[in-house]
Amino acid sequence: MVEAVKRFRQRLRESGGVGLFYFAGHGVEVGGVNYLIPVEADPREELDVKYQGVDVGDVLEAMKESRLGIVILDACRDNPFRGAWAGKRTSGGWGLGRTEAPSGMLIAYATGPGKTARDGYQGERNGLYTEVLLEVMRRPGLKVEEVFKAVRVEVERRSGGEQVPWEPSSLKGDFYFRPVAGDVQGTDAKTPVSGGKPAIELKVEREVPRGVVAVRVWEIGMAVEVDGKALGVAEAKGEVFRVKELAAGRVVTVVGRKAGMAVAEKRVEVEAGKEVELGLPSVGEGVCRRLGAWG
């Protein structure tokens with residue numbers, strides 16, 4: 001990781017363009033310093049972190065070579081360590097500590113200082129924060145500050161207020177992940193934006209295919225959940241609840257509850273570019289079925 005940061009710094013020094021650093025994984029604050037933890041590290045005590053982790057300050061120094069820097073840290077997990085240190089934090093809480101953004105830079109944290117962030121659903125590639133970020137950053141015409149504001153609102157909503165992202169920023173120019181075609185600020189790297197600087201569009205490669213799960217409910221008053229997330233209560237027979245932008249191949253669990261008790265349950269796999277519909281029957285039927293065929 002240290003060598004990768006060095007190479008990244010050299011590339012920024014040569015290009016002088018927009019720099020974006022993204023890290024997802026474990027991060028911890030020790031002695032007032034934030035560290036990113038490599039996957040092969042196994043710190044047994046706090047001192048080990050200083051030798052096995054990567055100082056976030058080194059990343060910020062590298063980013064100073066860019067004319068505009070964006071650092072995204074989805075790195076505020078709970079205690080990941082297996083050794084004697086596990087469960088014995090001696091300085092501060094879990095997660096990363098507060099770091100101010102150097103001039104010309106924005107730092108985006110998955111959650112607040114000393115807090116922990118939610119991982120994704122079982123089998124999901126990304127945690128909640130990154131999942132939302134990938135959705136929002138594709139919206140055209142949003143300045144980078146607007147992107148992270150929208151992410152904060154949505155993550156807080158989906159986590160029930162348990163996770164609130166935050167971003168210290170000292171940006172001086174405007175930046176768009178996806179400029180609007182024909183917008184006065186420009187649509188490509190040759191068209192100037194605020195301050196005469198170019199707008200750069202981040203191209204997201206290997207985009208994960210998405211699908212939709214639609215749940216049709218035949219029991220009035222039945223509450224619907226998808227992977228533990230409440231969607232609502234049916235007010236009419238045949239009412240449909242939809243969950244969009246689910247990763248293809250993901251298997252979700254749909255549960256119908258009546259009077260607080262689970263009375264119907266079904267697991268279904270998300271299909272790329274399709275809407276998979278299944279039904280939650282009336283309580284008397286006592287079985288979930290996919291419309292058109294029994295499950």
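Which residues are linked in a network of salt bridges? In this predicted model, the network takes in Glu131, Glu135, Glu154, Arg157 and Arg158. Before coming back to that group, it helps to get a feel for the chain as a whole.

The chain has 295 residues, and buried ones make up 44% of them. Its secondary structure comes to five helices and 13 strands. Among contacts with a separation of 6 or more, 60% are between residues 24 or more positions apart. As for the outside, the accessible surface is about 15300 Å², and carbon and sulfur atoms account for 48% of that.

How far can the prediction be trusted from place to place? The average pLDDT for the chain is 78, with 75% of the residues scoring at least 70. Going by helices and strands, H5 has the highest confidence, at 94, while strand S2 (residues 26-30) has the lowest, at a mean of 83. Two stretches call for more caution. Residues 89-93 have a pLDDT below 50, and this stretch has twelve contacts in the model beyond near neighbours in sequence. The pLDDT is also below 50 over residues 182-206, where the model shows 42 contacts beyond near neighbours in sequence.

Back to the salt bridges, then. The count for the structure comes to 17. One of the links in play is between Glu131 and Arg158, whose closest N and O atoms are 3.2 Å apart. This pair links distant parts of the chain, since Glu131 sits in helix H4 (residues 128-136) and Arg158 in helix H5, 27 residues away in sequence. The two partners differ in how much of them can be reached from outside: Glu131 has a relative accessible area of 10%, so it is buried, whereas Arg158, at 22%, counts as partly exposed.

Helix H4 itself deserves a closer look. Nine of its nine residues are buried, so the helix is largely enclosed by the rest of the structure. The buried set runs through Leu128, Tyr129, Thr130, Glu131, Val132, Leu133, Leu134, Glu135 and Val136, so two members of the salt-bridge network, Glu131 and Glu135, turn up in it. What does the covering of these buried residues include? The cover includes S1, strand S5 (68-74), S6, H5 and S10.

Other salt bridges have a different setting. Lys64 pairs with Glu61, with 2.8 Å between the closest N and O atoms. Here Lys64 is partly exposed, with a relative accessible area of 47%, and Glu61 is partly exposed too, at 34%. Glu271 and Lys274 form another bridge, with their closest N and O atoms 3.7 Å apart. At 27% relative accessibility Glu271 counts as partly exposed, and so does Lys274, at 47%.

A charged residue can also be found out of reach of solvent elsewhere. Arg250 is found in the loop between strand S10 (239-247) and strand S11 (251-258). With a relative accessibility of 8%, Arg250 counts as buried. Its side chain is joined to that of Asp227 by a polar contact of 3.1 Å.

Finally, the aromatic rings. How many aromatic pairs does the structure hold? There are three. One of them is formed by Phe8 and Phe21, a tilted pair with 6.4 Å from centre to centre and 40 degrees between the planes. Phe8 belongs to helix H1 (residues 2-15) and Phe21 to strand S1 (residues 18-24), so the pair ties together parts that are 13 residues apart in sequence. Phe21 is buried, with a relative accessible area of 12%.

Tyr109 and Trp166 make up another pair. Their ring centres are 4.8 Å apart and their planes stand at 10 degrees, so this pair is stacked. Tyr109 lies in strand S6 (residues 105-109), while Trp166 lies in the loop between helix H5 (144-158) and strand S7 (210-217); at 57 residues apart, the two link distant parts of the chain. Both Tyr109 and Trp166 are buried.

How values were computed. Residues are numbered from 1 along each chain as its sequence is written. This is a predicted model: local features need pLDDT of at least 70, side-chain atom pairs count only at pLDDT 80 or more; totals for chains, interfaces and linings use all residues. Side-chain values use heavy atoms; hydrogens and water are left out. Rings of Phe, Tyr and Trp (its six-membered ring) pair if their centres lie within 6.5 Å; planes under 30 degrees apart count as stacked, over 60 as edge-to-face and the rest as tilted. Helices (H or I, at least four residues) and strands (E, at least two) are DSSP runs, numbered from the N terminus. Buried means under 20% relative accessible area, exposed over 50%, partly exposed in between (1.4 Å probe, protein chains only). A polar contact is a pair of N or O atoms within 3.5 Å; within protein, one must be able to donate a hydrogen and the other to accept it, and residues adjacent in sequence count only if both atoms are side-chain atoms. pLDDT is the predictor's confidence in each residue, from 0 to 100. Contact means heavy atoms within 4.5 Å. Accessible areas come from the Shrake-Rupley method with a 1.4 Å probe; for residues, only the protein chains shown count as cover. A salt bridge is a side-chain nitrogen of Lys or Arg within 4 Å of a carboxyl oxygen of Asp or Glu.
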